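Colleague: I have a model open with more than one chain, and I would love a close look at a single part of it, namely the surface where the chains meet. Could you walk me through what was computed there and then place that surface in its surroundings?

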Amino acid sequence: MAARFDKLFHFHGGLHLPGHKDQSTATPVVPARVPSRLILPLHQHIGQPAEALVKPGDHVLKGQLIGRAEGYVSAGVHASSSGRVVEVAERPVPHPSGLTALCVVIETDGLEQWRERDEPPTDYRTLDPSELRNRIRDAGIVGLGGAGFPTFVKMNPGAGHAIELLIINGAECEPYITCDDMLMRERPADIVTGMTILRHAVGARECVIAVEDNKPQAIAALQREVEAAGDPTVQVVTVPTRYPTGGEKQLIKVLTGREVPSQGLPADIGVVCHNVGTAAAVYRNVMDDQPLVSRFITVTGGGVAQPRNLEVLIGTPIADLVAQCGGYTDTADRLIMGGPMMGFALPDDALPVIKTTNCILVAARAELPAPRTAMPCIRCGECVQVCPANLLPQQLYWYAHAKDFDKIQDYHLFDCIECGCCAQVCPSHIPLVQYYRFAKTEIWAQERERRHADQARRRHEFRLARLERDKQEREQRLRERRKGAPQDTKKAAIQAALERSKAKKAAAGNAPDATAAAAPEPSGDAAEATPKPQSKENA
Amino acid sequence: MEFHTYSSPHLPAHNDVAVVMRRVLYALVPGALAYWWFFGWGVLINLALCVSVAVGAEAAILQLRGRPAGRFLADGSAVVTGALLGLALPPLTPWWIPVVAVLFAIVVAKQLYGGLGYNPFNPAMVGYVVVLISFPRELSLWASPVGIGAHTLNLAQTLQLVFANHFPGGLNWDAVTSATPLDAVKIGRGLDKTMSEIGRAPVFGDFGGVGWEWVNLWYLVGGIWLLRERVIRWQIPAGVLGALFFMALAFYLSSPDRFPSPLFHLFSGATMLGAFFIATDPVSASTTNRGRLIYGAGIGILVYVIRTWGGYPEGVAFAVLLMNMAAPTIDYYSRPRVFGQSRE
């Protein structure tokens with residue numbers, strides 16, 4: 001592993017995109033207003049949804065757990081302000097497919113009254129890593145870079161994975177988004193302390209905070225903080241601005257020259273990567289006992305009067321945020337959660353922001369025009385030149401279009417990170433990423449179906465085998481009765497009669513032993529004791 | 001407030017098929033002008049005829065297939081096919097030759113296979129080969145370059161010849177056409193002449209044939225511009241020219257008197273047009289980076305083989321079609337190593 005990161009590496013493909021970042025970095029970050037209503041989905045992360053702990057009418061305090069993590073890969077959900085629960089129901093949530101999820105709706109009282117908080121530990125280094133992980137899990141902290149993977153899972157690389165390098169990802173490569181930039185500028189100490197806590201949990205030898213070179217102020221702020229700490233194993237590394245450098249696998253490649261194995265995890269090559277926002281959230285949790293109740297969010301685009309960054313309570317409706325940024329302009333046309341490359345369009349601004357929301361992009365019509373009509377693929381291969389996963393997007397498209405899901409997996413569909421570079425350069429304006437998502441969903445559905453079918457088949461085969469065995473046993477029993485048992489019993493009956501008469505005759509004299517021969521009872525239903533397959537599989 | 005939703009990415013498009021096609025046409029201009037300068041009005045007549053028939057045929061078939069004709073015509077691919085055929089065919093050929101070639105290219109080779117993006121073979125080259133095989137005599141009558149032939153026809157005379165098969169003032173084919181340099185080499189080698197004997201013919205210029213060398217040079221300039229504009233990538237032209245150069249060099253060095261020089265091969269016939277404009281047709285070519293190099297090299301080798309030992313003086317069209325056939329296989333075996341996959 002490169003010790004000093006003097007030499008950086010290169011990943012295939014990628015794009016230089018216009019940044020549009022300056023428009024939202026002019027003013028310092030301020031806390032957003034407490035909205036009158038908070039909408040808190042219980043599923044804001046990758047993994048199992050949390051289980052609701054409150055019911056309508058309950059009074060909740062800021063930071064109170066309202067949804068408990070269920071299963072291993074899951075995260076708790078907390079009330080982001082104090083107030084009264086008014087609803088626990090399925091509601092639309094920000095999701096690419098417009099899904100609904102169970103949400104807790106809180107009518108805030110405006111008091112921002114915290115639950116009781118513990119004193120900070122005198123030294124987090126004395127905390128056991130597993131204790132630290134539980135803390136982070138209870139605090140509902142998930143990856144704030146966008147994917148929302150529960151952070152504590154990454155803090156547990158598992159046996160056999162010695163972690164050498166902890167990367168704090170401040171690359172923030174997608175256009176328009178500046179929340180990480182502003183966090184690095186304004187709260188570098190939180191990030192650096194959060195990093196050392198995360199490092200303590202995994203025992204990483206070295207730490208790197210990686211920032212793209214279009215954020216000089218952030219780099220300078222972090223640099224100052226790291227120098228003040230004076231730890232030679234911690235470094236701020238400036239990486240070239242190129243989309244998607246902020247992708248975890250791409251950033252690891254740039255820094256170390258090594259590739260995370262396909263379908264593998266960074267821990268497989270001794271690396272763990274966390275977003276800067278996650279590091280700051282970890283800091284706030286460990287040092288101030290705050291669960292994840294707020295985050296920095298960029299509200300930007302030509303459709304917003306005053307683009308800026310806000311520190312927002314999770315669950316705040318988007319409309320509230322836009323109102324605090326001067327409202328919509330006349331040209332506001334599209335509402336995107338996330339950036340213009342990987343973000344998803346939302347139909348309506350009543351939806352809340354969630355833990356993974358880094359940006360609300362309200363685009364003007366001219367800024368992000370409606371997609372143009374897709375034309376046939378001419379196999380120009382421009383997508384091949386820009387694919388950071390080094391895939392052949394034109395072939396993937398071909399097989400997705402033909403619904404040839406075996407072939408598309410031969411071409412490594414599941415290594416696609418959906419960064420959108422291919423679609424961006426496509427001269428035929430084919431919504432390539434959409435085709436890949438479609439293919440992935442179809443394959444997942446097929447696999448689920450296949451699993452069910454396999455189970456049904458096994459159950460059926462087992463049943464046939466059992467019926468066959470029962471039949472054979474029955475026949476065996478009959479045979480035995482017909483052959484052995486009936487004759488034996490006849491003989492025995494005759495014998496018994498004879499003996500009875502003998503006995504009568506000898507009644508007067510000595511009494512002989514009565515030998516009653518009985519046919520052995522066939523071992524009847526022992527086979528039935530074998531476990532029956534489970535009844536209906538939970539769908 | 002409610003908003004439109006579309007799938008990501010959301011940024012405005014970088015690129016467009018119509019823009020790509022338009023740039024290809026721009027890049028053809030210098031070569032086409034040189035061609036016209038050296039070979040006369042027939043070049044422009046062919047171009048006009050081919051492009052208009054191509055657009056007409058495309059429109060008619062799109063109409064029949066119930067496709068939005070306006071949208072597909074606007075992509076400019078029919079114009080490019082027409083223009084390439086116009087530049088590939090002999091300049092004084094009778095009008096029905098370009099018409100047949102273009103109709104076959106657009107109707108059969110392109111639209112019957114599903115239109116733009118679905119044709120396994122380069123449509124222009126299919127059209128060219130159809131007339132080359134069907135009408136060998138007409139396809140062997142090449143106009144003499146200006147200054148070599150006894151007579152140079154003006155626009156009116158050329159029109160009369162092309163459309164009415166009428167020669168002005170007692171001229172005949174011999175007076176206005178001559179063997180191309182590639183023809184001369186083929187015939188000369190057939191008669192066991194040495195290259196120095198063959199090279200004495202007036203059609204040979206400084207490093208290729210008279211006129212042809214400049215036409216090729218200007219196609220090369222246009223091709224380099226296409227590379228710079230990233231309309232095409234370097235692999236296919238490099239493959240074609242590199243393979244042709246090294247084949248020619250190897251044989252030239254082994255026997256300079258029996259084989260023409262590599263430079264002659266690079267600047268004769270349709271080499272540059274083929275390398276930068278025909279072989280690079282993305283639809284029918286290989287699509288992986290490594291595959292394109294192999295695909296191009298295959299064309300270069302086949303061009304040399306056909307020119308040197310084949311039945312035809314020029315082999316670009318056959319080479320391209322043969323490699324079109326191989327493209328899917330090349331693609332399959334030249335897949336790049338995907339990020340995170342182990343290096344075998």
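Modeller: Happy to; what follows goes from the contact between the chains to the contact between two domains, and ends with some strand pairing. Please keep in mind that this is a predicted model.

Let us begin with the extent of the contact between chain A and chain B. On the chain A side 70 residues take part, and they meet 42 residues of chain B. Putting the two chains together buries about 4,900 Å², with carbon and sulfur atoms giving 58% of that area. Within chain A, the residues that lose the most area to chain B are A:Ile378, A:Arg379 and A:Gln424, and together they make up 13% of what that side buries.

Next come the polar terms. Between chain A and chain B there are 27 residue pairs in polar contact, counting pairs with both residues at pLDDT 80 or more. Eight elements of chain A are not hard to list by name: helix H6 (248–256), strand E15 (332–337), strand E16 (344–346), H9, helix H10 (393–401), helix H11 (405–410), helix H12 (421–425) and helix H13 (432–505) each give two or more residues to the side that touches chain B. Of these, E15(A) gives the most, with five residues. Sorted by class, the chain A side of this contact holds 39 nonpolar, 16 polar and 15 charged residues.

Salt bridges deserve their own paragraph. The whole structure has 31 of them over all chains, and the count between chain A and chain B is four. One that you can pick out on screen joins the side chains of A:Glu382 and B:Arg233, with N to O at 2.6 Å. This pair crosses between the chains: A:Glu382 sits in helix H9 (residues 382–386) of chain A, while B:Arg233 lies in the loop between helix H12 (212–228) and helix H13 (235–254) of chain B.

Now to the surroundings within chain A. The chain is divided into domain 1, covering 22–359, and domain 2, covering 374–469. Seven residues from domain 1 of chain A and nine residues from domain 2 of chain A make the contact between them. Taken over C-alpha atoms, the centres of the two domains are 30 Å apart. The area buried between domain 1 and domain 2 of chain A is about 710 Å², and carbon and sulfur atoms give 55% of it. On the domain 1 side, A:Gln250, A:Met341 and A:Met342 lose the most area to domain 2, together 52% of what that side buries.

What joins the two domains in polar terms? Across the interface of domain 1 and domain 2 of chain A there are three residue pairs in polar contact, both residues at pLDDT 80 or more. The domain 1 side that touches domain 2 has four nonpolar, three polar and no charged residues. Zero salt bridges are found across this domain interface.

Finally, here is some strand pairing in chain A. Strand E4 (residues 59–60) and strand E7 (residues 83–92) run antiparallel and are joined by two bridges, with A:His59 having A:Arg84 in E7(A) as its bridge partner. E7(A) is also joined by nine bridges to strand E8 (residues 100–108) of chain A, again antiparallel. There, A:Pro92 has A:Thr100 in E8(A) as its bridge partner.

Definitions and conventions. Residues are numbered from 1 along each chain as its sequence is written. Chains are lettered from A and ligands numbered from 1 in the order in which they are written. Side-chain values use heavy atoms; hydrogens and water are left out. Domain bounds come from an automatic or database domain assignment. Contact means heavy atoms within 4.5 Å. Buried area is the accessible area (1.4 Å probe) that two parts lose on being put together, summed over both. A polar contact is a pair of N or O atoms within 3.5 Å; within protein, one must be able to donate a hydrogen and the other to accept it, and residues adjacent in sequence count only if both atoms are side-chain atoms. Ala, Val, Leu, Ile, Met, Phe, Trp, Tyr, Cys and Pro count as nonpolar, Asp, Glu, Lys and Arg as charged, and the others, Gly among them, as polar. Two strands pair if DSSP finds at least two bridges between them. Helices (H or I, at least four residues) and strands (E, at least two) are DSSP runs, numbered from the N terminus.
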